Each structure stands twice: as C-alpha cells, then as structure tokens.
Amino acid sequence: MNAGPIDGGQQLGVQGVKRRAPLWLKAGFWACIVIAVAVALRRFVALVHPSRTSPAAVAALDAAFASHAALTFAHIISATAFVLVAPLVLLRTKSGLWERLLFPLGAMVGITAYAMSIPAFGGWVERSAVLFFNSVFLFSMARAYRYARAGEAFQKIRWLTRAVGILLGIATTRPVMGIFFATSRWTHLEPRQFFGVAFWIGFSINTIIVEVWLRSGRQIAKHGDLARRSS
C-alpha cells in the first residue's frame, strides 16, 4: 500500500519541509510489493506447470486463468515489472530511465487488465471492481505523465503514488481472499462468489489509505510549488 517516497531515508519535501512516512506505512508498502511478486510467480508457475493435486476451488481458479493463458502472461509479466520498477522511481532522487519505463508498463497493465475483465472469474462483481479501479489507475498514471512532462515533480509523485497504491491493491486482495477461503466451510461461499468481493475490499483499502495519506500533507504542499526528494 504505497503512499509516497517511503523507505528509511526517503522523505517528501516542500521548500525544506519534510514528512516522514510512518513505519506501518513503509511496512505495508514493502509487504504489498512482496505479496504482489509472489502472487505473480505463483500464477506463472501454475500456467506453465498446472498442479493436479490442488483443491477443487483453487483448481477452478487456475483453469479460468489458463483458458486465456497468453493474456494472463502479458498481464502478470507487465504488472510484475511495474511493481519492481515503481520503488526505483518513488524512492530514488534520479530515476529518469526507470520513470520512462514505468509509464508504458502502466499502460500495458491497464490495457491487459481491461481485457482480462471480460471473462472475469468472479463475474460482474469482479468486473466492476476491475473497471473502476483500473480506470482510476490509468487516470492517475496519465496525470502523473502530464506533470512529469511539465516538470512539476511534487504533483507527479503524488499521482504516481496514487497509481502505485491502487495497483498494489491486488496484493491486499490476497489476505482478504484467504479469509474467505478459511471461512468457506461456514459461509458456504464458493470462490466465484467471493472473488469479486475480495477485489472490491482489497483495492478499496489501498485506495483509501493512499488518499488519506496524501491529503494529510495537503497543507504542507500549499506552502510551496516545488517538491524535492532527498536521501
């Protein structure tokens, strides 16, 4: 759950005023990075070497992704690259090369996400979550690109932060799904029934946390129009 330049030495500064991200936010950011990469690797392995011993619920989900394997590969590869490049852009003072790579990766992630929502495993509930949050993600990337072109570093970082935070919502959906899986014996809900709900919950958590964090610094931002990141 990313909310800005947030490693141990990174700070968001405006005319000398610096804000440190809280420890829980840093931990959440890196936890989402790790989970997102692990999820992508697991999906990659499941596509290349399908398991014959997976539980029926997991096997059904794997089969759904395998039915459009080429599209799934394109999405997870571009998304994994985006997740790995994003910290290099948000946490480094000089990140020109990585930044130029991040924008086309973001476009690829967004386009493939739209395409994957057509045969959504979780039906219209999942599809609606993808359409909403993916649209906000692409809008945020477009705004960040516009500010980057205009040389407005502070606004560029704010909108990139929104975009990265939303994309990392896919990591937050995983523990939410885990709760649904663990309680399915009592709720009797099948993966197709809670998959979309988990998407709405996970992406909403990240979006809200990022927005609250960004807005908490609005008054600081009003004191100047130039942001600089320092290590």
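This report describes a buried helix face, a nonpolar surface patch and two individual residues in a predicted model.

**Helix α2 and its cover**

Helix α2 spans residues 56-66, and its buried residues are Leu61, Asp62, Ala64 and Phe65. These residues lie on the same side of α2, because the arc they cover around the axis is only 155°. Among the elements that cover the buried residues of α2 are α1 (23-48), α3 (69-90), α4 (96-116) and α8 (191-216).

**A nonpolar patch on the surface**

Helix α8 also takes part in a surface feature: α8 and α5 (123-150) each supply at least two residues of a nonpolar patch. The patch is formed by Val125, Phe132, Val197, Trp200, Ile201 and Ile205, which together have about 450 Å² of accessible area. Four of the patch residues come from α8, and this is the largest share.

**Two residues compared**

Isoleucine 201, one of the patch residues, and valine 85 are set out below by helix and accessibility.

| Residue | Helix | Relative accessible area | Class |
|---|---|---|---|
| Isoleucine 201 | α8 | 33% | partly exposed |
| Valine 85 | α3 | 6% | buried |

Valine 85 counts as buried because its relative accessibility of 6% falls under the 20% cut-off. Isoleucine 201, at 33%, is partly exposed because its value lies between 20% and 50%.

Which residues are in contact with valine 85, leaving aside its neighbours within four places in sequence? They are Trp98, Leu101, Leu102 and Leu105. Valine 85 and glutamate 99 are 14 residues apart in sequence, and their C-alpha atoms are 8.1 Å apart in space.

Notes:
Residues numbered from 1 in each chain as written. Predicted model: local features only at pLDDT ≥ 70, side-chain atom pairs only at ≥ 80, totals over all residues. Heavy atoms only, no water. Buried < 20%, exposed > 50% of the residue type's maximum accessible area, 1.4 Å probe, protein only. Arc of directions from axis to C-beta. Contact = heavy atoms within 4.5 Å. Patch = residues over 30% accessible without salt bridge, like charges linked within 9 Å, V, L, I, M, F, W, Y side chains within 5 Å. Areas by Shrake-Rupley, 256 points an atom, 1.4 Å probe, with all protein chains shown as cover. Salt bridge = Lys/Arg side-chain N within 4 Å of Asp/Glu carboxyl O.
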